[in-house]
Amino acid sequence: MRTWRSWFPILSLAGGLSAASCADHGSYSVTWTFVGGEGAPSGCGLHGVDTIHVTGANTAGDGEDLIALCAPGGLTHEVPVGDWTFTFHQLDVRGRPIMPVDAQGQPVPDPTATATVVKDTTLDPPLAVELTPRPECSDGIDNDGDGRVDLDDLDCGGDPNTATELPPPAPAAKL
Ligand SMILES: [Ca+2]
Ligand SMILES: [Ca+2]
């Protein structure tokens, strides 16, 4: 009994997938950079972003849920046709969502984009989204290479919202 019950949702899901595959499909494309125009090949590693998690829905009720490596800076993926809204989440190396904050510590929402996906066509030009990096003092990275990460780096001053792990500028030498 228990075995039959546990199989039932899986069989239902398979039926749903095969029905969905009959729909017309096209592809969306997206590229991402970091605020300020910094490219993904350097920015993803620098800001501790391992993957990008794309979620979305179209007006017909289809869904998108895809995780792609951050460093390539873009992806193309086939989905059912329709008017889509996508959201782009940053994930760290452990697959945990990254919650970017601004200099005041206020959360910055994940970027979203809308697109109309047309049958047998790839969206051109691609969607372009801009990711907000975390402050250096809470990104899990030893940004300045001194062997101390985030709040272990005294230059963060104990504040996870500090923008840089670099020491403050030395006072001008007195003559
Ligand atoms: Ca850091
Ligand atoms: Ca450091």
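Two strands count as paired here if DSSP finds at least two bridges between them. By that rule β1 and β4 are a pair, joined in the antiparallel sense over seven bridges. This is a predicted model, so let's start with how far to trust it.

## Confidence first

The protein chain averages a pLDDT of 88, and 86% of its residues score at least 70. One stretch needs some care: over residues 7–19 the pLDDT stays under 50, and the model has zero contacts there beyond four places in sequence. Where pLDDT is low, the predicted coordinates should not be read in detail.

## The overall layout

What is the chain built from? It has two helices and seven strands. Reading from the N terminus, the elements come in the order α-β-α-β-β-β-β-β-β. Of the 175 residues, 21% count as buried. Contacts often reach across the sequence: among those between residues at least 6 apart, 63% join residues at least 24 apart.

## Two open sheets

Let's take the sheet with β1 in it. Three strands make up this open sheet, in the order β4-β1-β7, and the pairing is mixed. The edges are β4 (74–80) and β7 (127–131), each of which pairs on one side only. On average, neighbouring strands are turned by 30° against each other, with direction ignored.

The mix shows up when you follow β1 to its partners. Toward β4 the pairing is antiparallel, and Thr-31 has Gly-74 in β4 as its bridge partner. Toward β7, the strands run parallel and five bridges join them. On that side, Phe-34 has Leu-131 in β7 as its bridge partner.

The other sheet is also open, with four strands in the order β3-β2-β5-β6 and antiparallel pairing. Its edge strands are β3 (63–69) and β6, and each pairs on one side only. The twist averages 25° from one strand to the next. Within this sheet, β2 and β3 run antiparallel and are joined by seven bridges, and Thr-51 stands opposite Leu-69 in β3. If you're tracing side chains, keep in mind that in a regular strand they alternate between the two faces of the sheet.

## The nonpolar core

In soluble globular proteins, nonpolar side chains tend to be buried together. Here, the largest nonpolar core holds 17 residues, and Tyr-28, Trp-32, Cys-70, Trp-84 and Val-117 touch the most other members. Which elements give two or more residues to this core? They are β1 (25–34), α2 (40–46), β2 (51–58), β5 (82–91) and β6 (112–117). The biggest giver is β1, with four residues.

Cys-70 is a good place to zoom in. Not counting residues up to four places away in sequence, Cys-70 touches Ala-40, Cys-44, Val-49, Asp-50, Thr-51 and Ile-52.

## Gly-48, a buried loop residue

Gly-48 sits in the loop between α2 and β2. Is Gly-48 buried or exposed? Gly-48 counts as buried because it has 22 C-beta neighbours inside 10 Å, and the cut-off for being buried is 20 or more. Its contacts, leaving aside neighbours within four places in sequence, are Asp-92, Arg-134, Asp-139, Gly-140 and Ile-141. Gly-48 and Ile-98 are 50 residues apart in sequence, yet their C-alpha atoms are 9.1 Å apart in space.

## Some unusual backbone spots

Most residues other than glycine have a negative phi, and most peptide bonds are trans. A few places in this model go the other way. Two aspartates have a positive phi, and here is how they line up:

| Residue | Phi | Place | C-beta neighbours within 10 Å |
|---|---|---|---|
| Asp-120 | near 55° | loop between β6 and β7 | 10 |
| Asp-150 | about 50° | segment after β7 | 20 |

What do those neighbour counts say about burial? Asp-120 counts as exposed because it has 10 C-beta neighbours inside 10 Å, while Asp-150 is buried, with 20 other C-beta atoms within 10 Å.

The loop between β6 and β7 that holds Asp-120 also contains Pro-125. There, the peptide bond from Asp-124 to Pro-125 is cis, with omega near 5°.

How values were computed: Residues numbered from 1 in each chain as written. Chains lettered and ligands numbered in written order. Predicted model: local features only at pLDDT ≥ 70, side-chain atom pairs only at ≥ 80, totals over all residues. Core = buried A, V, L, I, M, F, W, Y, C linked by C-beta atoms within 7 Å. Buried ≥ 20, exposed ≤ 12 C-beta atoms within 10 Å, placed from the backbone. Contact = placed C-beta atoms within 7 Å. Axes fitted to C-alpha atoms, helices over the stretch in contact; angles between N-to-C directions. pLDDT = per-residue confidence, 0-100.
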